[in-house]
Amino acid sequence: MTAGTTAPGGALLATSDLHISYEENRDIVRGLRPKSPADWLIVAGDIGELVADVEWTLGLLRERFAEVVWAPGNHELWTHPSDPVQLRGVERYQRLVEVCRRLGVHSPEDPYPVWPGPDGPLRIAPLFVGYDYTFRPPGAATKEQALARAHDTGVVCADEYLLHPDPYPSREAWCRARVAATEERLAALDPVVPTVLVNHYPLVRQPTDVLYYPEFAQWCGTTATADWHTRFNVAAVVYGHLHIPRVTHYDGVRFEEVSVGYPREWRRRGEAVPTGLRQIFPEAAKR
Ligand SMILES: [Fe+2]
Ligand SMILES: [Fe+2]
């Protein structure tokens, strides 16, 4: 079957945080294969830091899966000194969207594709909403206090140095604009078709409660999306970023953290080499 065609019987699969600057993780990508040529794949961000690496990964996956859906992670949005592409902020994001369009990968800037599931169609909505420092550590009332706490403990996300918000004045201003535009788009959808929301960050704060360093939560999302899983007709939420792969439920909605993470992390979890694929739907056949 050629790429781009779909057939009944496929699954909706997901992965994230492939971090292919690590050779062991690049090997995981080389091994990512559908069980059926009809399988779709969600990639929820943090493929890597280099535009060429994002293109290599999405191109390879696009050849193998019927459809590929991508949402950006913070690492793709870094302007890393080793990347020949030195675009910043919105321009960098737009370059990544162009890469997706050239490859035929669905990005947050395109119409949301509809997966023809066996129990009825599901709309797959890749989102880019960012974060705004509202997931603050206990006792920190403002962004400044939260950041000061992080600097005191030495837990400062590299985004502070590499993720530029240009032309927005701040990452939180970029986040506010993305939240407003995304919210409007979700509100305009036909609520009859359930939606799978795909975002690099959890849309609710609770998953960050188990972070080893609570100060890190400020780089993990925004309180502005706290009710999206109940406000819209949401079948499931797929996210990554925390590198804590698991399944939780909030208000009866399934949240799937699908990170692969760094080699030291997946080795610590006692996994041999992770398969890198989580089945989201059909739900009954999984695990
Ligand atoms: Fe990551
Ligand atoms: Fe991330």
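The following paragraphs describe a strand sheet and an iron site in a predicted model. Local features need pLDDT of at least 70 and side-chain atom pairs count only at pLDDT 80 or more, while totals for chains, interfaces and linings use all residues; side-chain values use heavy atoms, with hydrogens and water left out. Residues are numbered from 1 along each chain as its sequence is written, and chains are lettered from A and ligands numbered from 1 in the order in which they are written.

Six strands (DSSP runs of E, at least two residues, numbered from the N terminus) form an open sheet in the order β4-β5-β6-β7-β9-β8, with mixed pairing. Two strands pair if DSSP finds at least two bridges between them. At the edges are β4 (114–115) and β8 (246–250), each pairing on one side only. Strands β5 (residues 122–126) and β6 (residues 195–198) pair in the parallel sense over 4 bridges. Pro126 stands opposite Val198 in β6.

The iron ion (ligand 1) has the protein donors Asp17 (OD), His19 (NE2), Asp46 (OD) and His243 (NE2), lying 2.0 to 2.2 Å from it. Donors are N, O and S atoms within 2.8 Å of the metal (3.2 Å for Na, K and Ca); water is not among the atoms, so sites may look incomplete. Along the chain these donors follow the spacing D-x1-H-x26-D-x196-H. Distant parts of the chain are linked here: His19 is in the loop between β1 (12–15) and α1 (23–30), and His243, 224 residues apart from it, is in the loop between β7 (234–239) and β8. Both His19 and His243 are buried (under 20% relative accessible area, 1.4 Å probe, protein chains only). Asp46 bridges this iron ion (ligand 1) and the iron ion (ligand 2), which lie 3.5 Å apart.

Technical notes:
Buried < 20%, exposed > 50% of the residue type's maximum accessible area, 1.4 Å probe, protein only.
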